[in-house]
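Reader: Before I rely on any label attached to this model, I would like to see the reasoning behind each one. Could you take me through them in turn?

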Amino acid sequence: MIVIARDDFEEWLANPVTEALMRGLQRAEAQIEQTWLAVSLDGGVCDAIELSKMRERRTVYREIRAMTNQKLEEMNNDD
């Protein structure tokens with residue numbers, strides 16, 4: 001059973017590399033949103049598959065940024 005202490009998780013979040021990762025994910029989300037708006041509102045080509053891929057990437061980026069030590073434990077431990 002994997003146990004991740006909250007302090008250890010917060011230390012990991014405060015690591016400069018982790019902070020850079022989180023900033024990068026946030027920037028990628030913003031880029032996806034800008035692209036989505038450009039395609040939707042500015043008359044770009046609206047490909048349903050591409051829009052779906054963008055939506056899923058944004059969802060994954062948000063899930064990573066919302067990760068907690070408890071969620072990480074749940075992902076790594078059998079019920």
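Author: Let us begin with a pair of charged side chains: E33 forms a salt bridge with R58, and their closest N and O atoms are 3.4 Å apart. The pair joins distant parts of the chain, with E33 in helix α2 and R58 in helix α3 (residues 48-65), 25 residues apart. This is a predicted model, in which local features need pLDDT of at least 70 and side-chain atom pairs count only at pLDDT 80 or more, while totals for chains, interfaces and linings use all residues. Residues are numbered from 1 along each chain as its sequence is written, and side-chain values use heavy atoms, with hydrogens and water left out.

Reader: Why is the contact of E33 with R58 called a salt bridge?

Author: The term requires a side-chain nitrogen of Lys or Arg within 4 Å of a carboxyl oxygen of Asp or Glu. For E33 and R58 the closest N and O atoms are 3.4 Å apart, and the pair therefore satisfies the rule. By this rule the count comes to six salt bridges, and E29, E33, R58, R62 and R65 are linked in a network of them.

Reader: What makes E33 and R58 buried, exposed or partly exposed?

Author: The label depends on relative accessible area, computed with a 1.4 Å probe on protein chains only: buried means under 20%, exposed over 50%, and partly exposed in between. E33 has 31% and is therefore partly exposed, and R58, at 26%, also falls in the partly exposed class.

Reader: How do you know whether E29 is buried or exposed?

Author: E29 has a relative accessible area of 4%, so it is classed as buried. This residue is found in helix α2 (residues 16-41), where helices (H or I, at least four residues) and strands (E, at least two) are DSSP runs numbered from the N terminus. If neighbours within four places in sequence are set aside, E29 is in contact (heavy atoms within 4.5 Å) with R58, Y61, R62 and R65.

Reader: What makes R6 and E10 a salt bridge, and how far apart are they in the helix?

Author: The closest N and O atoms of R6 and E10 are 2.9 Å apart, and the two form a salt bridge. Because they are four residues apart in helix α1 (residues 6-14), about one helical turn separates them. R6, with 56% relative accessibility, counts as exposed, whereas E10, at 37%, is partly exposed.

Reader: Which separation applies to E50 and K53 in helix α3?

Author: E50 and K53 are three residues apart in helix α3, and so are separated by about one helical turn. They form a salt bridge whose closest N and O atoms are 3.5 Å apart. E50 is partly exposed at 37%, and K53 is partly exposed at 42%.

Reader: The structure holds one aromatic pair; why is the pair of F9 and W12 called tilted?

Author: F9 and W12 lie 5.5 Å centre to centre, with 40° between the planes. Rings of Phe, Tyr and Trp (its six-membered ring) pair if their centres lie within 6.5 Å, and planes under 30 degrees apart count as stacked, over 60 as edge-to-face and the rest as tilted, which is why this pair is given the last name. F9 and W12 are three residues apart in helix α1, which means that about one helical turn separates them. At 6% relative accessibility F9 counts as buried, whereas W12, at 39%, counts as partly exposed.
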